[in-house]
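Hi,

Here is the structure I said I would pass on. Have a look at it first, and then read my notes underneath.

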Amino acid sequence: MKPVLLAFGNCQAFAMMKIAETLPTLADRYEICYLPSHPDLGDVVGGPGLAARCEVVWEQVGVNQRLPFRDALAPGTKRVRFPELSFPLLWPMDCTDPRNQPDPPRHWGRFPYGDRLALQLIGEGLSGNAGYEAWVERGAQTLPDLQRLLDMEMARSRRRAAEVDIEPMTFILDHWRTERLFATLNHPSNTVLWPLCMQLIEASLPALPLAQAEIGLARERFLNPVAGGVDMDWFQVVIHPLVAETFGLAWCNEETLHRCEVPGVDHPLTRRAFMADYYMAAPSP
Amino acid sequence: MSGDTLLHAIAAIIGERLLVDPAAITRETTAEDVDGWDSVTHTLVMMEVERRLNITLPVDKFFDLENVGDLVDLAASELAKS
């Protein structure tokens, strides 16, 4: 039996496993396994005796649960810790939507992410375009102090950096205003996940003879969901225009499209369509 | 604001944010006790505590809080200053 390379954590760790699987040099040497940090995230991917066979562990921290069998790992096991990636700066009104009826792990419901202001407006009887207009207009009254939230995020980022061996936040903080790096507050896009995995490989297996051609092919495949890559961008939450304006998001405007692959929606939506036709649509009679 | 009143106010915020019964939130409650209370939720809870109580909490202490009681005490000390 081959030794195990284990990715532990949430869907981001699952993505790490999927990338590793596409690299033949890595897949030839290791049985590449995944251990979810929460039962809702799906099943364990891997054979029996996982702990005893682990040679490399990519351990995600900040996911509310630590690697369960870390004390059972062999002394020489190489453990590399990486952070849970999330970015609430762009969605400060995020909340749980009480209308949602999730059925995890494969179906997350029609309203997997909530918006506090939109729900308040719905409660006031607003919907459709009128609801959208009110959502835009009342943002200034409802949104928190965004500079304050940015300060908090910097503090959270510093704290996370002290707990992990891999630090992707520098890349994120350098690029979030010019590139769409997150689809939702806890779903980084593939453009963030790919370099994270490369960092993990470099930190845990520095002598692995990966050829550039192999990396190139795997990257091409991973960044193309149609070709079998991981698709973290299946649901892209709209960003309030005041948030986009305040933070100077170059990639986000009224015409930016949002994938919204939930029951009843089958095409990307503009900001207005997302709110008026989907999230705040009038209930069916 | 008394300690109990402050605890109830903060428990209400946590309850709304995480869809849990505020009555189940005590001073001893930790993030690990509440499903879904991760560092993102923590940040958003802090934001809401600041907004509703009209205070500014010291950012450097945010992630050192061990339980809800610590948060109540921190908020109380900031309220006393304001």
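Below is what I found, going from the chain contacts to a helix and then to a single residue.

Before anything else, please keep in mind that this is a predicted model.

Let's start with where the two chains meet. On one side there are 19 residues of chain A, and they are in contact with 15 residues of chain B. Two elements of chain A, β5 (94-95) and α7 (146-163), each give two or more residues to the side that touches chain B. The largest share of that side comes from α7(A), with seven residues. If you sort the chain A side by class, you get eight nonpolar, six charged and five polar residues.

Next, take a look at helix α12 of chain A, which covers residues 271-279. Which of its residues are buried? They are Arg271(A), Ala273(A), Phe274(A), Met275(A), Ala276(A) and Tyr279(A). The cover over these buried residues of α12(A) includes β6 (114-115), α4 (116-123) and α5 (128-137) of chain A.

Last, a residue to click on: Ala51(A), which sits in helix α3 (residues 50-53) of chain A. Ala51(A) counts as partly exposed because 18 other C-beta atoms lie within 10 Å, while a buried residue would need 20 or more. Leaving aside residues up to four places away in sequence, Ala51(A) touches Phe69(A), Ala72(A) and Leu73(A). You can also check Asp71(A): it is 20 residues from Ala51(A) along the chain, and their C-alpha atoms are separated by 9.1 Å.

Happy browsing!

How values were computed. Residues are numbered from 1 along each chain as its sequence is written. Chains are lettered from A and ligands numbered from 1 in the order in which they are written. This is a predicted model: local features need pLDDT of at least 70, side-chain atom pairs count only at pLDDT 80 or more; totals for chains, interfaces and linings use all residues. Two residues are in contact if their C-beta atoms, placed from the backbone, lie within 7 Å. Helices (H or I, at least four residues) and strands (E, at least two) are DSSP runs, numbered from the N terminus. Ala, Val, Leu, Ile, Met, Phe, Trp, Tyr, Cys and Pro count as nonpolar, Asp, Glu, Lys and Arg as charged, and the others, Gly among them, as polar. A residue is buried if 20 or more other C-beta atoms lie within 10 Å of its own, exposed if 12 or fewer, and partly exposed in between; C-beta atoms are placed from the backbone.
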